[in-house]
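Visitor: I'd like to learn how to read a few local features in a model like this one. Could you take me through some of them?

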Amino acid sequence: MTTSTDLDEYERRFIAYTAEFDDVPDAAPLRLKVEHTFRVYDHAKRIVASLETLEAPHRQWVGDTAACRAAVLAALFHDCGRFPQFKHFRTFLDAASVNHAVLSFQTMRDRAFLQREGAEVRGLAHCAVLLHNRYSLSPKLNERARFVTEVVRDADKLDIFRIMVSYLTSALPEKDAVLLHVKDEPEKWSPTVVDDVLNDRIARYSDLRYINDFRLLLGTWMDELRFPVTRKALADSGLMDNVLEQLPDTPELRPALDVLRVKLAQCREAAGGKA
Ligand SMILES: [Fe+2]
């Protein structure tokens with residue numbers, strides 16, 4: 001699909017790009033985005049490498065080198081818009097600034113990051129970057145673009161689990177930026193988000209008010225992971241167990257907790273190879 005030397009050039013290009021933002025004041029959250037990017041990129045490579053071990057529908061993509069390459073490149077550049085977003089708006093909150101996925105796509109296009117790629121790879125990668133943060137993907141999206149986008153979305157979510165869980169248990173200065181300014185009131189939660197859990201819906205960022213809402217949101221993401229290797233990685237990491245333990249164990253929240261425990265068990269079962 002790709003050679004490591006070939007990908008090295010893209011990695012260097014990305015690092016050089018992020019260095020342009022080194023003089024942004026209080027740029028610690030941007031340094032975390034660099035770290036996040038490389039983890040997402042590694043996860044995407046792992047997902048692509050796992051395709052051979054899978055059955056339909058994932059296995060059909062093994063021989064599609066353009067789609068697999070687009071997925072890996074999209075993962076590397078998926079959040080490049082976060083840098084100008086933070087520089088200009090001092091926040092990662094899209095609702096208070098710009099849609100960072102659109103900005104990432106525009107940045108990739110305007111800077112011609114994928115100029116050396118053919119139109120096919122470039123188009124698929126741009127599409128995946130543009131759609132990586134959508135609440136859901138349109139049923140009209142063609143299968144190939146969906147596959148590429150889902151690799152990026154799975155890889156992204158897996159690392160967001162790690163970031164959020166670490167911030168939910170610590171009090172680092174970047175906490176506000178990372179937790180998107182929710183209130184740290186450990187006994188509270190929003191009924192709307194609990195309803196989402198009980199009805200198998202993905203919670204929306206815009207509904208989050210309290211730190212527990214974030215924990216519940218992460219729980220609703222378990223069903224969204226499309227690839228067995230991602231589900232296995234999440235289950236093996238123990239991150240979700242940690243999240244569930246931190247939710248208040250009260251009679252009102254217990255039904256939601258039970259739903260999330262079942263979903264986590266399903267992630268473990270899915271780890272065998274079938275999606
Ligand atoms: Fe993103």
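Visitor: Let's begin with accessibility: is G118 buried, partly exposed or exposed?

Guide: G118 has 42% relative accessibility, so it counts as partly exposed. Buried means under 20% relative accessible area, exposed means over 50%, and partly exposed is in between (1.4 Å probe, protein chains only). Before we go on: this is a predicted model, so local features need pLDDT of at least 70 and side-chain atom pairs count only at pLDDT 80 or more, while totals for chains, interfaces and linings use all residues. Residues are numbered from 1 along each chain as its sequence is written, and side-chain values use heavy atoms, with hydrogens and water left out.

Visitor: Where is G118?

Guide: Look in the loop between α5 and α6; helices here are DSSP runs (H or I, at least four residues), numbered from the N terminus. The C-alpha atoms of G118 and A66 are 8.9 Å apart, although 52 residues separate the two in sequence.

Visitor: What coordinates the iron ion?

Guide: Donors are N, O and S atoms within 2.8 Å of the metal (3.2 Å for Na, K and Ca), and with water not among the atoms, sites may look incomplete. For the iron ion they come from D79 (OD), H100 (NE2) and H132 (NE2), at 2.1 to 2.2 Å. Along the chain, the spacing reads D-x20-H-x31-H. D79 sits in the loop between α3 (65–77) and α4 (82–89) and H132 in the loop between α6 (119–131) and α7, so this pair ties together parts 53 residues apart in sequence. D79 counts as buried because its relative accessibility is 2%, and H132, at 4%, also counts as buried.

Visitor: How do I read a backbone oddity, and what is the phi of D26?

Guide: Most residues other than glycine have a negative phi. D26 has a phi near 50 degrees, a positive value in a residue other than glycine. You'll find D26 in the loop between α1 (4–19) and α2 (28–50), and it counts as exposed because its relative accessibility is 63%. R90 also has a positive phi, near 60 degrees. R90 is in the loop between α4 and α5 (100–111) and counts as partly exposed at 37%.

Visitor: And helix packing: at what angle do α7 and α10 cross?

Guide: Two packed helices are described by the angle between their axes and the distance between the axes. Here α7 (residues 143–168) and α10 (residues 211–220) have axes that come within 11 Å and cross at roughly 155 degrees. The axes are lines fitted to C-alpha atoms over the stretch in contact, with angles from 0 to 180 degrees between N-to-C directions. The two helices are therefore roughly antiparallel, a label for angles over 145 degrees. Contact (heavy atoms within 4.5 Å) is made by F161, M164, V165 and L168 of α7 and I211, F214, R215 and L218 of α10.

Visitor: How many residues of α10 are buried?

Guide: 10 of the 10, so α10 is largely enclosed by the rest of the structure.

Visitor: One last residue: which residues does L225 contact, leaving aside neighbours within four places in sequence?

Guide: L225 touches D154, K157, F161, T230, R231 and L234. Its C-alpha atom is 5.4 Å from that of D154, which is 71 residues away along the chain. L225 belongs to the loop between α10 and α11 (228–237), and it counts as buried at 3% relative accessibility.

Note on methods. Parallel < 35°, antiparallel > 145°, perpendicular 65-115°, else oblique.
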